[in-house]
Amino acid sequence: MSQNERIAHSKITRKFRSEGRQLLFTQGKGGEVSDANGMTYIDFVMGYGPVIIGHSDELFNEILSGYLGNGVMMPGYTTFHSEYLERLLGERTGDRGAFFKTASEAVTATLRLAAMRNGRLGVLRSGYIGWHDAQIANSLKWHEPLHSPLREKLRYTDAMRGIGDTEPAVNWVDLRLESLAEILDRYRDRLGCFVFDAYLASFTTPEVLRQAVAMCRDAGLLTVFDETKTGGRISPLGYDHDHAIGSDLVVIGKALANGAPLSLVVGAADLLADAERARLSGTFSKEMIAVYAALATRDILEKPIGDAPDGWAEIGRIGTQVAATLTAAAEDAGVAALVGARPVLGGGMFELVYHDDALLGDKTRREALLAALTGAGILLLEGHPSFVSVAHREIDPDELRGRARRAFEQWSATVEAGRD
Ligand SMILES: Cc1ncc(COP(=O)(O)O)c(C=O)c1O
């Protein structure tokens, strides 16, 4: 049995294959990763978003190692946790933060806090908000564009606990305020919490979101902006803070600690005070390696990088440039009418865009494109935003363009051959 076969995969960890075989990674350096066959890839997956400075960055490793002499777990929270929140929350003096490892945990915590406030167990969701039952049961392909035929198919309908008439898990699918009003009316007094994935802000406007939050609050729901993909990536705190959306709670995760597991629930002191009664913590909530990594990440991102005033601005520039390079490669290969790329929420993320509706609805051809990109030495996500890091500033745009062009040409030749 190969080492690979012992690992129980989920759909997302199975994505990357070469010649039909699952890739097993051995090392990351900067913006690249290597696999067990000795192949090196430009990595735009970045662990699905957490790696924000780069793999195995020397300065990051040095700062992190410096902290390790203090130990990794104390009986309770430490001055390091407290310093981190002080630096993160800054001028939001009334806010407190609760520490978690994964964002699924953090979002579950917000659902509990909501139920303690308003006695309602139902959840209104928009976007992928985690894999726990009430987060994922009966959900959609949330990262598909609003007009994609693949978007609305209900998924994960089996084996989910705690979903039903008295605790509905409801989707706000189309981001129209009229549909939101209908949902709030139909499920009146049963929905306790509204959770919005900030990535979906790229499908609408801040004004719509401000109104959505106000409508949910009027209907008695606790409102949560889920900045798992965006917080610490598009800016230090994310979209809700930058656009004054005004949600009651914000969940931040992924990019805080350059790959170490850290997620937070942030909000007003009186709301977070319920955390004690709600028993919102576990053994590893007070773990320190991730906090050291988060402090090291801020040390690096708070300073100017190149011409940019800070790391977040530089990451936005890099992602915007990567998207433009991929679009240029699609033009080089003669497939620009079918596919291109665009920056998402300022460029800390980017995504492939399908200009052709038949292709948009054709998962097989889309996955073939992902395979062609993998074959050309580029790992990115399809049907999901991809991620850049500071280390990608070292990647030669001509090299990226050449690889992407080869992938698009190979895909085009195969796809055309397959469709004749
Ligand atoms: C918006 C959002 N919320 C929650 C989660 C769940 O985070 P985790 O995988 O850390 O549990 C994700 C993960 O992709 C996410 O994108």
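This is a tour of the interface between the two domains of a predicted model.

Residues are numbered from 1 along each chain as its sequence is written, and side-chain values use heavy atoms, with hydrogens and water left out. Because the model is predicted, local features need pLDDT of at least 70 and side-chain atom pairs count only at pLDDT 80 or more, while totals for chains, interfaces and linings use all residues.

Start by colouring residues 3-57 and 306-419 as domain 1, and 70-301 as domain 2; these bounds come from an automatic or database domain assignment. The domain centres, taken over C-alpha atoms, are 27 Å apart.

Next, select the residues in contact (heavy atoms within 4.5 Å): 29 in domain 1 and 30 in domain 2. Together the domains bury about 2,500 Å², 65% of it on carbon and sulfur atoms; buried area is the accessible area (1.4 Å probe) that two parts lose on being put together, summed over both. Show Ile53, Trp312 and Leu345, which supply 31% of the area that domain 1 buries against domain 2, more than any other three residues.

Then display Glu144 and Arg366. Their closest N and O atoms are 2.7 Å apart in a salt bridge (a side-chain nitrogen of Lys or Arg within 4 Å of a carboxyl oxygen of Asp or Glu). The count of salt bridges between the domains is one.

Finally, select α11 (311-332), β14 (349-354), α12 (357-360) and α13 (363-375), each supplying at least two residues of the side of domain 1 that touches domain 2. Helices (H or I, at least four residues) and strands (E, at least two) are DSSP runs, numbered from the N terminus. The largest share of that side, three residues, comes from α11.
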